[in-house]
Amino acid sequence: MHQLIIYGPPGVGKGTQAELIAAKLNLEHISTGAILRKAAEDGTELGIQAKEIMDRGNLVTDDIMNGIVKESLKKINKNGFILDGYPRTLVQAMALSEIFNELGFKDIKVINLIADENEIITRLLKRGRSDDNRETIANRFKVYLESTSPVKEYFSKQNIIMDINGVGDIEDINKVILESIK
Ligand code: AMP
């Protein structure tokens, strides 16, 4: 069973790669951003609150995110899962470790996608999501540096993180990832 986390800065290609990996290996793609955007589209209370936070590039609370992920992980019935966009804080990373223990997931691998910030900003501006304007992008990078980068240290200490170059042809990058998680 594949137990994967895809990690990296906003716009590095986590969603694209996670989708490809999930399709090829028949995994559940758990994208917390996509779950929140769907909730916003559906107009649920969570969605309405989340939309405002997302449009500013800030983070939805850890408790809400941990709950969403726990429920999604309980329901896995494919060949495993790939978590995309979570954990984004150290508190989330520690909560996830507990969730993994509870559910018996012991073989976690973290794919760390790497790209230069200028390359990423160019990509994000092309994408055109409602949170892809210059001001929000700048804040998302700030939040990434301040709140999310400790997550990388947390995984590094557990020796489960693999660095992958995120610049280049999408299929080429995907091949490297698939090779590295074998
Ligand atoms: P993403 O699609 O991963 O770029 O996420 C888009 C936005 O959703 C983020 O900028 C946050 O506002 C929110 N979000 C997604 N995942 C999380 C998370 N794990 N913790 C807090 N907020 C999140």
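Me: Which residues are closest to the ligand, and how many surround it?
Reply: This is a predicted model, and in it 15 residues surround the ligand, the closest being T32, R37, N58, G85 and Q92. Helix α2 (residues 32–42) gives the most to that shell, with 4 residues.

Me: What makes the R37 pair with the ligand a polar contact?
Reply: An N or O atom in the side chain of R37 is 2.9 Å from an oxygen atom of the ligand. The cut-off for a pair of N or O atoms is within 3.5 Å, so R37 makes a polar contact with the ligand.

Me: And what about the backbone of V60 and of G85?
Reply: A backbone N or O atom of V60 is 3.2 Å from a nitrogen atom of the ligand. For G85, a backbone N or O atom lies 2.9 Å from a ligand nitrogen. Both pairs fall within 3.5 Å, so they count as polar contacts too. As for cover, the ligand has 480 Å² of accessible area on its own, and the protein covers 96% of that. The space the ligand takes is the largest pocket.

Me: Why is strand β1 called largely enclosed?
Reply: Buried means under 20% relative accessible area. In β1 (residues 2–7), 5 of the 6 residues are buried, so the rest of the structure largely encloses the strand.

Me: How do you know that β1 pairs with β3 and with β4?
Reply: Pairing takes at least two bridges. β1 and β3 (residues 80–84) run parallel and are joined by 5 bridges, so they pair; I6 has D84 as its bridge partner there. β1 and β4 (residues 108–114) also pair in the parallel sense, over 5 bridges, and Y7 has N112 as its partner in β4.

Note on methods: Residues numbered from 1 in each chain as written. Predicted model: local features only at pLDDT ≥ 70, side-chain atom pairs only at ≥ 80, totals over all residues. Heavy atoms only, no water. Buried < 20%, exposed > 50% of the residue type's maximum accessible area, 1.4 Å probe, protein only. Helix = DSSP H or I, 4+ residues; strand = E, 2+ residues; numbered from the N terminus. Near = heavy atom within 4 Å. Polar contact = N/O pair within 3.5 Å; in protein donor to acceptor, adjacent residues only side chain to side chain. Areas by Shrake-Rupley, 256 points an atom, 1.4 Å probe, with all protein chains shown as cover. 1 Å grid on protein atoms, 1.4 Å probe; cavity = no way out; pocket = protein on both sides within 12 Å on 5 of 7 lines; lining within 4 Å. Sits in = over half its atoms within 2 Å of the grid points.
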